[in-house]
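Student: I would like a close look at a single part of this model, with its surroundings set out in order. Please give one connected account.

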Amino acid sequence: MMKQATLLSSSIALALVLGSASTIVHAEDGINVGGAIRVNYAYKDYSDASQDKTGDFSFDMAAIKFNGQKGDWGLAAEYRFTSSTDYIKYGYGYYNIDPDWQLQFGINKVPFGNPGFISNSFWFGIPYYLGFEDDHDVGIKAMYEKNGWHTDLAFYKNPEYGPTENKRYATDLYTGTINGTEYNNEETNQFNVRQTYTLEHEGGSTTVGGSVQYGQIYNNKTGNNGDRYAVALHLDSSYKGWNLQLQAMQYEYDAADAVDPNKIGVSVVSWQYEIASKGQAYSVNVAKTFNTDWGSVKCYNDFGVMTPDVADEGYDNSMQNVTGCAIAAGPTYTMIDLIMGKNMTFSTANNDHVGLPEVGDDWDKRVNINFGYYF
């Protein structure tokens, strides 16, 4: 499956700070150029071909990053190349209004959910596959940070690519036919507000907060507008090497002139699939970091469940559990994950939906090892 050739874990993102930062960054004047090269091994217990070959080893991606600042003005961008395509992850300018306020304009990270990520693994969490984790759209965002308080206010006109494009980094609404259902939806005119507070305490810190998102859904066939919303409560707490992430969210896509109002089409990294148009998603992630003389090892378990909340009672829950370790040594970062999925896209044999009627009731499993060199 091509999807995982483009994902970036939360721990890796910490090493690639500026572009996906959830805090205001004040850098020295100058231009920094960096990037990454990654390869990937995948083994799927639900694929006869994968079992026969004992998995597959392949090129994952190469990335180039630019971070530059002159006075109060700055620029951040990342572009990625995979074996089948290339695309921009983010690219924006920013202006430091004062030490507490920063303005970002361009393709920047949508402020929704836990700051940073609601996952530890290479595989991301269920919110990513619904369009609510590590999303990047075209718009303007204001960030305020002082005395533990962090506020994000943002407006996004549209996603980074058009609705018929599936070669993209983040999940967005899709225009096209999926499993015989025609979709003609576009994201537009989106507003985001996120408020968090970070309390420093002995052995670490705890960040609590809430997020709200509202936008329109334009039907490019009929010209009519529907709407969409999402809300979330989240917590991220660290204590002496331990980390706990909790998040509960609810979302709804209410598309105009929908062929089937119970579901909607989305696309990401060269794939398109269907999700329940309304539901809840819950995330519980636990991690422990061990420091060594040569680097660090972070071991984690990320669990997520999505509960559909649509009129069709035949729709079923989707679940995903990822157990793994991330090994940091010098410029390298390796993630070893055991992924278990049930009624879940990308981690099960039935790879075309989240929260729709379940086909089979077993947990599917796969092993993924991603090795990256960062410079």
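Tutor: The account below begins with the whole chain, turns to one strand and its partners, and then follows other parts for context.

The model is a predicted one. Its protein chain has a secondary structure of 3 helices and 21 strands. The radius of gyration is 20 Å, close to the 21 Å that the globule rule gives for 375 residues, so the chain is as compact as a globular protein of that length. Along its principal axes, the C-alpha trace spans about 55 × 50 × 40 Å. Of the 375 residues, 54% are buried. Among contacts with a separation of 6 or more, 63% join residues that are 24 or more positions apart. The chain exposes about 15,300 Å², and carbon and sulfur atoms supply 58% of that area.

The part chosen for the close look is strand β16, residues 278-291, together with the strands that pair with it. Strand β13, residues 242-254, pairs with β16 in the antiparallel sense over 11 bridges. Within this pairing, Q245 of the chain stands opposite N285 in β16. Strand β17, residues 295-308, also pairs with β16 in the antiparallel sense, here over 13 bridges. In that case the bridge partner of A281 is M306 in β17. β16 and β17 form a hairpin, with 3 residues between them. Thus β16 has antiparallel pairings with both β13 and β17. As background, side chains in a regular strand alternate between the two faces of the sheet.

One residue of β13 merits separate attention. N243 lies in this strand, and its relative accessible area of 16% is under the 20% limit, so N243 counts as buried. Apart from residues up to four places away in sequence, N243 touches N285, V286 and A287, and also N120, D236, S237 and S238. Of these, S237 is also engaged by a polar contact: the side chain of N243 reaches the backbone oxygen of S237 at 3.1 Å. The separation of N243 from W271 gives a sense of scale, for the two residues are 28 apart in sequence and 32 Å apart in space, C-alpha to C-alpha.

The loop that follows β13 contains a residue with a notable backbone angle. D257 lies between β13 and β14, the latter covering residues 263-268. Its phi is positive, about 55 degrees, although D257 is not a glycine. Most residues other than glycine have a negative phi. D257 counts as partly exposed, at 46% relative accessibility. A second residue with a positive phi is N147, at about 50 degrees, and it too is not a glycine. N147 is found in the loop between β6 (136-146) and β7 (149-159). With a relative accessible area of 64%, N147 is exposed.

Another asparagine may be set beside N243. N108 is found in strand β5 and is buried, with a relative accessible area of 0%. A polar atom of its side chain lies 3.3 Å from the backbone oxygen of G139. Leaving aside neighbours within four places in sequence, N108 is in contact with Y92, D135, H136, D137, G139, I140, K141 and Y156. For both N243 and N108, then, the side chain approaches a backbone oxygen.

The aromatic residues complete the picture. A search of the whole structure finds 18 aromatic pairs. One of them joins W73 and F105 in an edge-to-face arrangement, 6.3 Å centre to centre and with 70 degrees between the planes. This pair links distant parts of the chain, since W73 is in strand β3 (residues 73-81) and F105 is in strand β5 (residues 101-109), 32 residues apart. F105 counts as partly exposed, at 35% relative accessibility. The rings of Y128 and Y129 are also edge-to-face, because their centres are 5.2 Å apart and their planes are at 85 degrees. Y128 counts as buried at 0% relative accessibility, and Y129 counts as buried at 0% relative accessibility as well. Ring pairs link these two tyrosines with F117, F124, Y169, Y273 and F346 into a cluster.

Key
Residues numbered from 1 in each chain as written. Predicted model: local features only at pLDDT ≥ 70, side-chain atom pairs only at ≥ 80, totals over all residues. Heavy atoms only, no water. Pairing = 2+ DSSP bridges. Helix = DSSP H or I, 4+ residues; strand = E, 2+ residues; numbered from the N terminus. Buried < 20%, exposed > 50% of the residue type's maximum accessible area, 1.4 Å probe, protein only. Contact = heavy atoms within 4.5 Å. Polar contact = N/O pair within 3.5 Å; in protein donor to acceptor, adjacent residues only side chain to side chain. Rg over C-alpha atoms; globule rule 2.2 N^0.38 Å. Areas by Shrake-Rupley, 256 points an atom, 1.4 Å probe, with all protein chains shown as cover. Phe/Tyr/Trp six-rings, centres within 6.5 Å; stacked < 30°, edge-to-face > 60°.
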